[in-house]
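Hello,

Here is the structure I promised to pass on to you. Please have a look, and my notes on it follow below.

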Amino acid sequence: MYAYNKSNVAYDLSRFDVDERVKKPKAAPHIKMHATSVAKSGNWFVTIVLVTFAAVVAFFFISSKAALSEVTTQISSKTTELQEAKSENVRLQAQLDNMVTLSKVEEMAISELGLRKTTKNQVRYIYVQDRTMVQVAEKEENVFASLKNWLDGVSDYLGF
């Protein structure tokens with residue numbers, strides 16, 4: 001059948017031995033490693049300034065949002081007041097329209113003013129003798145009369 005390889009080739013440990021001929025690479029002599037990291041050795045003054053700047057920006061952002069919210073609330077309340085005023089105007093206009101009807105005017109004249117409708121015996125007709133007759137007043141030709149009229153007009157104009 002199958003011939004089994006009874007050698008230990010799969011476990012050749014000589015390949016994993018550390019050879020002294022292979023040396024570890026050394027760091028270049030001009031590169032020096034510092035014991036402290038860059039984050040720890042940063043300038044503390046710059047850090048405080050940046051944190052303060054971030055806090056001021058956050059404060060202004062929050063205060064602008066608060067002011068915007070307050071203005072939005074004011075707009076909303078004024079819009080509600082405007083809608084209420086418009087509905088009140090419509091109601092008052094309808095009430096005014098109802099008050100001006102003839103039946104309301106007649107009712108107010110009877111109840112508040114004490115007026116009554118006229119009867120036939122209260123009506124008197126005036127008859128003019130001739131419709132074609134026209135009378136024209138004669139113009140005054142007297143100089144003194146025209147002077148008097150002119151002085152009357154001037155005194156009326158001046159308020160005497």
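By the rule I used, the count comes to 4 salt bridges, a salt bridge being a side-chain nitrogen of Lys or Arg within 4 Å of a carboxyl oxygen of Asp or Glu. Before I go through some of them, a word on the source. This is a predicted model, so local features need pLDDT of at least 70 and side-chain atom pairs count only at pLDDT 80 or more, while totals for chains, interfaces and linings use all residues. Residues are numbered from 1 along each chain as its sequence is written, and side-chain values use heavy atoms, with hydrogens and water left out.

**Overall picture**

The protein has 3 helices and 0 strands, and along the sequence the pattern reads α-α-α. Helices (H or I, at least four residues) and strands (E, at least two) are DSSP runs, numbered from the N terminus. Of the 160 residues, 1% are buried; buried means under 20% relative accessible area, exposed over 50%, and partly exposed in between (1.4 Å probe, protein chains only). The accessible surface is about 17,300 Å², and 62% of that surface belongs to carbon and sulfur atoms. These areas come from the Shrake-Rupley method with a 1.4 Å probe, and for residues only the protein chains shown count as cover.

**Salt bridges in H1**

Helix H1 covers residues 44-99. In one bridge, the side chains of Lys-78 and Glu-81 meet at 4.0 Å, N to O. These two are 3 residues apart in H1, so about one helical turn separates them. Lys-78 is exposed at 53% relative accessible area, whereas Glu-81 is partly exposed at 44%.

Another bridge joins Arg-91 and Glu-88, with 2.5 Å from N to O. Arg-91 and Glu-88 are also in H1, 3 residues apart, and again about one helical turn separates them. Both ends are partly exposed: Arg-91 has a relative accessibility of 45%, and Glu-88 has 35%. As a reminder, an α-helix has 3.6 residues a turn, so residues three or four places apart point the same way.

**A residue in H2**

Helix H2 spans residues 102-111 and includes Lys-104. Lys-104 is partly exposed, at 36% relative accessible area. Leaving aside residues up to four places away in sequence, Lys-104 touches Asn-98 and Met-99 (contact means heavy atoms within 4.5 Å).

**H3 and the end of the chain**

H3 runs over residues 143-158, and its 16 residues reach 23 Å from first C-alpha to last, close to the 22 Å expected at 1.5 Å a residue. The expected span is 1.5 Å times one less than the number of residues. At the N-terminal end, Asn-142 acts as a cap, with a side-chain oxygen 3.2 Å from the backbone nitrogen of Phe-144. Just after the helix, Gly-159 takes a positive phi of about 90°.

H3 has a salt bridge too: Lys-148 pairs with Asp-152, and their closest N and O atoms are 3.1 Å apart. The two lie 4 residues apart, about one turn of the helix. Asp-152 is partly exposed, at 33% relative accessibility.

What forms the nonpolar patch on the surface? Leu-147, Trp-150, Leu-151, Val-154, Tyr-157, Leu-158 and Phe-160 do, with about 880 Å² of accessible area together. Patches are made of residues with over 30% relative accessible area and no salt bridge, where like charges are joined within 9 Å and nonpolar side chains (Val, Leu, Ile, Met, Phe, Trp, Tyr) within 5 Å. One of the members, Leu-158, sits in H3 and is exposed, with a relative accessible area of 53%.

Best wishes

Terms used. A polar contact is a pair of N or O atoms within 3.5 Å; within protein, one must be able to donate a hydrogen and the other to accept it, and residues adjacent in sequence count only if both atoms are side-chain atoms.
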